[in-house]
Amino acid sequence: MATDSNTARLIDGRALAANLRTEIASGVAKLKAETGVTPGLAVVLVGENPASVSYVTAKEKACREAGMYSKEVRLPESTTEEELVRLVRELNVDPSIHGILVQLPLPKHISDKAVIDAIEPAKDVDGFTTVNVGRMLVGESCYLPCTPHGILKLIEFSGMDVNGRHAVVIGRSNIVGKPVAALLSRKEVNATVTLCHTGTPDVSRFTRDADVVVVATGRPGTLVGDMLKPGAVVIDVGVNRIPDPSRPRGYRLVGDADFESCSRVAGAITPVPGGVGPLTITMLLWNTLEAAKK
Ligand code: NAP
């Protein structure tokens with residue numbers, strides 16, 4: 001995959017996701033043949049945020065392609081928290097549904113936490129309920145959150161064994177940064193982890209010593225080449241829309257790492273798009289299949 005000695009290898013998230021999805025589709029076919037159970041995922045979207053609409057559409061499509069049942073619930077922006085919690089409780093007891101996904105962010109008048117924590121932990125295939133987050137932290141069996149789980153798969157796929165290595169995570173959100181740091185520091189993964197955020201005076205002091213950098217800030221250009229140790233693995237989680245009149249959609253997607261300068265120093269790097277994104281959806285399918293097996 002490397003083109004010359006100064007260009008990082010691309011960590012191809014689409015290829016890894018395609019392999020894993022083939023495995024998941026055979027798991028679905030086997031489950032159907034042996035038990036008659038078709039894994040079912042309910043995808044709930046409130047409002048019409050364009051990024052959320054496109055994520056939800058991709059998730060539903062991936063679900064059907066894997067042979068799963070996908071129940072799409074699209075609700076108007078005016079939906080109340082009470083109505084949404086009631087819907088979640090109905091899905092909790094629907095036997096055709098094994099996984100429930102409520103697309104975030106929700107409109108401002110609805111509490112994300114109230115809705116997410118209404119999901120039965122056994123159907124929380126996003127791994128976002130407080131119960132599942134707690135289980136993940138203490139190392140109990142649970143659904144791992146999809147993006148962090150996908151990031152671990154990508155690091156493994158890059159060929160880097162992080163055991164005993166230094167991993168720097170930039171960003172401490174509940175859905176990416178914190179769980180990635182927690183998973184990387186698990187004994188079976190065994191990285192030494194530094195978690196950076198806006199309170200870190202000099203992020204480059206840490207990244208220059210890192211064997212792996214995971215950047216999840218939602219800010220393009222957070223990580224540039226001269227912040228890296230040569231040969232480091234870079235996992236770019238960011239998805240940012242940059243206006244670009246030359247593109248049919250009027251924008252292009254970039255990550256949080258400056259791809260050009262980072263790929264001159266890194267040993268391997270995920271592209272945006274085509275890196276972390278395909279893995280997030282894949283790990284959702286993985287968790288839904290696991291939920292249907294129980
Ligand atoms: P978020 O909730 O906005 O959190 C961003 C974090 O980055 C915060 O902890 C913030 O620090 C930190 N931060 C911001 N600027 C920084 C800087 N210059 N230096 C150091 N830390 C900085 O974002 P998120 O939900 O984690 O998402 C991050 C990015 O990943 C977004 O672009 C999002 O679209 C993308 N994403 C992609 C996927 C996927 O499947 N590909 C999934 C989820 C998210 P403070 O806490 O101090 O404010």
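How many of the residues of strand 2 (residues 40-46) are buried? Keep that in mind as you open this predicted model, and let us take a walk through it.

**Stop 1: the two domains.** Colour residues 35-121 as domain 1 and 145-277 as domain 2. If you place a marker at the C-alpha centre of each domain, the two markers sit 28 Å apart.

**Stop 2: strand 2.** Now select residues 40-46 and show the side chains. Here is the reply to the opening question: 7 of the 7 residues in strand 2 are buried, so-called mostly covered. Look along the strand and you can sort the residues by direction: G40, A42, V44 and V46 point one way, while L41, V43 and L45 point the other way. Both sets are buried.

**Stop 3: the partners of strand 2.** Add residues 69-75, which are strand 3. Strand 2 pairs with strand 3 in the parallel sense, over 7 bridges. To find your place in this pairing, pick V46 and look across to L75 of strand 3, which stands opposite. Next, add residues 99-102, which are strand 4. This pairing with strand 2 is parallel too, over 4 bridges; click on V44 and you will find its bridge partner, V102, in strand 4.

**Stop 4: the whole sheet.** With the 3 strands displayed together, you have an open, parallel sheet in the order 3-2-4. Why does one side of strand 3 and of strand 4 lack a neighbour in the sheet? Both stand at the edges and have a single partner strand each, so one side of each is left free of a neighbour there. Neighbouring strands are turned against each other by 15° on average, ignoring direction.

**Stop 5: the helices.** Show helix 3, residues 81-92, which packs on the sheet and touches strand 2, strand 3 and strand 4. The direction of helix 3 makes about 175° with that of strand 2. Then bring in helix 2, residues 50-65. Helix 2 lies across strand 2, strand 3 and strand 4, and runs at about 160° to strand 3.

**Last stop: the connection.** Finally, trace the chain from strand 2 through helix 2 to strand 3: together they make a right-handed β-α-β unit.

Notes: Residues are numbered from 1 along each chain as its sequence is written. This is a predicted model: local features need pLDDT of at least 70, side-chain atom pairs count only at pLDDT 80 or more; totals for chains, interfaces and linings use all residues. Side-chain values use heavy atoms; hydrogens and water are left out. Buried means under 20% relative accessible area, exposed over 50%, partly exposed in between (1.4 Å probe, protein chains only). Helices (H or I, at least four residues) and strands (E, at least two) are DSSP runs, numbered from the N terminus. Two strands pair if DSSP finds at least two bridges between them. A crossover is right-handed if, with the strands pointing away from the viewer, the path from the first strand over the helix to the second runs clockwise. Domain bounds come from an automatic or database domain assignment. Axes are lines fitted to C-alpha atoms, for helices over the stretch in contact, and angles run from 0 to 180 degrees between N-to-C directions. Contact means heavy atoms within 4.5 Å.
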